[in-house]
2 protein chains.
Amino acid sequence: MTPQSILAELVEESRISDPTGARGRLLRAAARLFREKGYERTTVRDLAAAIGIQSGSLFHHFRSKEDILKAVMEETIVLNTELMRHALRQASTPVERMWALIRSELESINGQTGEAMAVLVFEWRSLSGDAQRDILKLRDVYEAMWLEVLGELKSAGKMSADPFLTRRMLTGALSWTVTWYRPDGPRNLDDMTDEVMAMLGLGER
Amino acid sequence: MTPQSILAELVEESRISDPTGARGRLLRAAARLFREKGYERTTVRDLAAAIGIQSGSLFHHFRSKEDILKAVMEETIVLNTELMRHALRQASTPVERMWALIRSELESINGQTGEAMAVLVFEWRSLSGDAQRDILKLRDVYEAMWLEVLGELKSAGKMSADPFLTRRMLTGALSWTVTWYRPDGPRNLDDMTDEVMAMLGLGER
DNA sequence: AACAATACCAAGCAAGCGCTTGGTTTGTAA
DNA sequence: TTACAAACCAAGCGCTTGCTTGGTATTGTT
């Protein structure tokens with residue numbers, strides 16, 4: 001099971017849009033623009049131009065601009081939840097699972113879907129209350145995986161800190177990498193995962 | 001030297017605006033609104049209404065809307081740099097200084113100036129390139145204090161991780177508290193500082 | 001070939017935006 | 001009292017925004 005095959009499966013199940021179709025291409029472009037300029041500073045004209053159509057034609061594919069933002073967030077969560085679930089299956093011990101979670105989240109944020117993940121983190125406020133609730137539901141599934149592993153670590157005596165607090169600190173620390181991490185820099189994502197594990201006193205895996 | 005007296009001194013030196021004057025009151029209101037709704041979603045009419053004047057009258061105090069954002073950020077950095085410098089002076093060992101830094105940053109983010117700090121972190125993109133450069137200069141002074149203490153810790157063998165990486169992770173983790181921390185919750189800022197120190201393996205101070 | 005559904009364009013509307021303008025009030029000091 | 005600057009108001013300009021509308025290609029199905 002490769003990341004590509006997971007993506008393909010989700011497209012098959014219509015849980016996310018085909019990246020080669022107009023809708024999928026627009027969502028990718030939207031993620032890039034939303035991250036670069038922010039949701040508010042990105043106009044529907046920008047979005048339309050990014051895939052070579054007129055601004056009015058956008059509204060054939062989406063009901064509103066906010067709908068585009070929501071779709072970006074939904075599909076990003078769905079995809080990355082599945083990728084993380086897959087990463088977890090490969091790991092057997094709690095410490096290995098923790099490594100897999102951190103590595104998976106770093107990949108989500110700094111890899112292919114990074115732009116969309118950044119949008120998910122930083123454009124939260126631009127969603128209406130209703131849309132926020134919908135996204136939050138999807139997010140709960142994702143967060144539950146983290147809390148389960150952190151709970152295992154605590155039970156196993158590998159960690160003394162509160163799982164909830166630890167997760168919140170990690171959310172901030174890992175999300176923040178999007179603002180400074182460069183793949184062509186001195187370390188890759190594996191290195192960084194090791195270093196974060198070491199910081200948490202989970203060095204020997 | 002209390003926080004209030006530091007504030008008073010900075011006002012005296014005209015490094016930040018008098019909070020009781022029109023300009024200072026506007027900057028406080030702006031910080032609140034920018035954090036609540038974001039810079040782009042906040043209109044000059046909102047800002048003016050917040051201190052009970054007409055929207056046009058704003059431009060007697062500030063040249064542009066962006067100028068208001070920049071002023072919020074500048075004054076926030078100046079104030080919190082001084083507060084942190086003061087906190088550092090009270091501490092004698094590297095571990096104590098580290099505790100002071102974390103505690104000070106948590107206070108900046110979740111205390112009185114929290115709204116402005118959140119703006120500083122999350123509205124970065126809304127500044128023009130020139131303005132970003134100006135703010136960055138002020139920020140460098142602040143960051144240098146962190147790196148010095150982290151360097152001391154490493155030299156003293158209290159920490160093995162890279163100071164730069166550690167600071168970046170901490171920036172994310174501590175900034176993120178603004179999205180979830182509530183003062184009326186189960187822990188205060190002292191508790192949280194202890195827990196963060198423990199996570200980093202600096203438990204015994 | 002005929003038809004319907006899908007995808008798109010060209011034009012523009014109503015509303016809201018940051019900011020300007022010309023003029024009035026308020027505060028201060030001689 | 002007079003003089004003058006700082007602080008503010010009322011009105012609105014020019015522009016951009018998200019979105020709508022009516023019509024035209026394009027695509028897929030039978």
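Which residue of chain A forms a salt bridge with Arg41(B), and how far apart are the closest N and O atoms? The partner is Glu40(A), and the closest N and O atoms are 2.0 Å apart. Keep in mind that this is a predicted model. The points below take the two chains together, then each DNA strand.

1. **How the two copies are related.** Start with the general idea. Two copies of a chain are related by a rotation about an axis and a shift along it. Here, chain B is superposed on chain A by a rotation of 180°, with 0.0 Å of shift along the axis. The RMSD is 0.0 Å. The two copies are therefore related as by a two-fold rotation axis.

2. **How they meet.** Look at both sides of the interface. On chain B, 32 residues are in contact with 32 residues of chain A. Of the interface residues of chain B, 100% are also interface residues in chain A, so the copies meet through the same surface.

3. **What is buried.** Chain A and chain B bury about 2700 Å² between them. Carbon and sulfur atoms carry 66% of that area. Three residues of chain B lose the most area to chain A: Arg125(B), Met169(B) and Met199(B). Together they make up 26% of what that side buries.

4. **Polar links across the interface.** The rule finds six salt bridges between chain B and chain A. The pair Arg41(B) and Glu40(A) forms a salt bridge. Nine residue pairs are in polar contact across this interface, with both residues at pLDDT 80 or more.

5. **Which elements build the chain B side.** Four helices of chain B each give two or more residues to the side that touches chain A. They are H2 (22–37), H7 (114–122), H9 (163–176) and H10 (189–199). Which helix gives the largest share? H9(B) does, with eight residues. By class, this side of chain B has 14 nonpolar, six polar and 12 charged residues.

6. **Around DNA strand C.** Now turn to the DNA. Strand C is surrounded by 16 residues. The closest are Gln54(A) and His61(A), along with Thr43(B), Val44(B) and Lys65(B). Of the strand C atoms that come within 4 Å of the protein, 64% are sugar and phosphate. Helix H4 (58–61) of chain A and helix H3 (44–50) of chain B each supply at least two residues of this surface. The surface near strand C has three nonpolar, 10 polar and three charged residues.

7. **Phosphate contacts on strand C.** Check the side chains of chain A. An N or O atom in the side chain of Ser57(A) is 3.0 Å from a phosphate oxygen of strand C. For the side chain of His60(A), the distance to a phosphate oxygen is also 3.0 Å. Lys65(B) uses its backbone: an N or O atom there lies 2.7 Å from a phosphate oxygen.

8. **Around DNA strand D.** Strand D also has 16 residues around it. The closest are Thr43(A), Lys65(A), Gln54(B), His60(B) and His61(B). Sugar or phosphate accounts for 62% of the strand D atoms within 4 Å of the protein, and bases make up the rest. The nearby residues divide into three nonpolar, 10 polar and three charged.

9. **Base or phosphate on strand D?** Both occur among the contacts here. The side chain of Ser55(A) has an N or O atom 3.4 Å from a base nitrogen. A polar backbone atom of Thr42(A) is 3.3 Å from a phosphate oxygen. The side chain of His60(B) has an N or O atom 2.8 Å from a phosphate oxygen. Helix H3 (44–50) of chain A and helix H4 (58–61) of chain B give two or more residues to the surface near strand D.

Notes. Residues are numbered from 1 along each chain as its sequence is written. Chains are lettered from A and ligands numbered from 1 in the order in which they are written. This is a predicted model: local features need pLDDT of at least 70, side-chain atom pairs count only at pLDDT 80 or more; totals for chains, interfaces and linings use all residues. Side-chain values use heavy atoms; hydrogens and water are left out. A residue is near a molecule or strand if one of its heavy atoms lies within 4 Å of it. A polar contact is a pair of N or O atoms within 3.5 Å; within protein, one must be able to donate a hydrogen and the other to accept it, and residues adjacent in sequence count only if both atoms are side-chain atoms. Ala, Val, Leu, Ile, Met, Phe, Trp, Tyr, Cys and Pro count as nonpolar, Asp, Glu, Lys and Arg as charged, and the others, Gly among them, as polar. Copies are superposed by least squares on the C-alpha atoms of residues with pLDDT of at least 70 in both. Contact means heavy atoms within 4.5 Å. Buried area is the accessible area (1.4 Å probe) that two parts lose on being put together, summed over both. A salt bridge is a side-chain nitrogen of Lys or Arg within 4 Å of a carboxyl oxygen of Asp or Glu.
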